[in-house]
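Me: Hello! I am new to this structure and would like a close look at a single part, the pairing of charged side chains, followed by a friendly walk through its surroundings.

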Amino acid sequence: MAHFSNNSIKLRQNMIAEDAAGQKVEYRASMFIQFKTNWDDDAGRYERMTESQQKICDDFHAQMADAGVEIGFVFQKQMPGETELKNLPKIMTGKVYVNKRKEQRQEQQQEAGGNNGW
């Protein structure tokens, strides 16, 4: 199976599995395809991808959409001294699906009679 990983993901705030009423809390996941670019100190962000890099990402996105690919993910808590991945507690699991391109969404909205669905 094709595999992606990142050994160190840090949360920016605490997450909860259930709210005060005991209801499961749902989170939204967004993931994107990109090339690693250099950090721009003046702008305070990473540099934009080149046109050729963006085209590669767009083509890859289109291939994934055409094939019906989805990406499953698992977040596991790192445990000091534990080297077996299967023994790390699963904190979050889910899937992300390939979104339609903005142009495709706009075409569908126009065919449906506008942006608001009325």
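Reply: Let's start with Glu18, which is partly exposed, with a relative accessible area of 41%. Please keep in mind that this is a predicted model. Glu18 makes a salt bridge with Lys24, and their closest N and O atoms are 3.7 Å apart. That distance fits because a salt bridge asks for a side-chain nitrogen of Lys or Arg within 4 Å of a carboxyl oxygen of Asp or Glu. The partner, Lys24, counts as exposed at 64% relative accessibility.

The structure holds three salt bridges, so two more deserve a visit. One joins Lys55 to Asp59, with 2.8 Å between the closest N and O atoms. Both residues sit in helix H1, four residues apart, which means that about one helical turn separates them. Asp59 is partly exposed, at 35% relative accessibility.

The other salt bridge is between Glu70 and Lys95, whose closest N and O atoms are 3.3 Å apart. This pair links distant parts of the chain: Glu70 belongs to strand S3 (residues 70-76) and Lys95 to strand S4 (residues 90-97), with their positions 25 residues apart. Both ends count as partly exposed, Glu70 at 36% relative accessibility and Lys95 at 48%.

It helps to place these pairs in the whole chain. There are two helices and four strands, and along the sequence they follow the pattern β-β-α-β-β-α. The chain has 118 residues, of which 8% count as buried. About 11,300 Å² is exposed, and carbon and sulfur atoms supply 49% of that area. Among the contacts with a separation of 6 or more, 28% are between residues 24 or more positions apart.

Helix H1 has another residue to look at, His61, in the run of residues 51-67. With a relative accessible area of 17%, His61 is buried, because the limit for that label is under 20%. The side chain of His61 reaches the backbone oxygen of Asn99 at 3.0 Å.

Thr37, in the segment before S1, is also buried, at 14% relative accessibility. A polar atom of its side chain lies 2.7 Å from the backbone oxygen of Glu47. Leaving aside residues up to four places away in sequence, Thr37 touches Tyr46, Glu47, Arg48, Met49 and Gln53.

Tyr46 leads us to the rings, where the structure holds two aromatic pairs. Tyr46 and Trp39 meet edge-to-face, 4.9 Å centre to centre and with 85° between the planes. Phe73 and Phe75 form a tilted pair, 5.6 Å centre to centre and with 50° between the planes. Phe73 is buried, at 13% relative accessible area, whereas Phe75 counts as partly exposed at 27%. Trp39 is partly exposed as well, at 44%.

Last, a stop without charges. Leu11, Met15, Ile16 and Tyr27 form a nonpolar patch on the surface, with about 380 Å² of accessible area together. Met15 is in the segment before strand S1 (39-40). Its relative accessible area of 32% makes it partly exposed, and Met15 can join the patch because residues in a patch need over 30%.

Terms used. Residues numbered from 1 in each chain as written. Predicted model: local features only at pLDDT ≥ 70, side-chain atom pairs only at ≥ 80, totals over all residues. Heavy atoms only, no water. Patch = residues over 30% accessible without salt bridge, like charges linked within 9 Å, V, L, I, M, F, W, Y side chains within 5 Å. Areas by Shrake-Rupley, 256 points an atom, 1.4 Å probe, with all protein chains shown as cover. Buried < 20%, exposed > 50% of the residue type's maximum accessible area, 1.4 Å probe, protein only. Contact = heavy atoms within 4.5 Å. Polar contact = N/O pair within 3.5 Å; in protein donor to acceptor, adjacent residues only side chain to side chain. Phe/Tyr/Trp six-rings, centres within 6.5 Å; stacked < 30°, edge-to-face > 60°.
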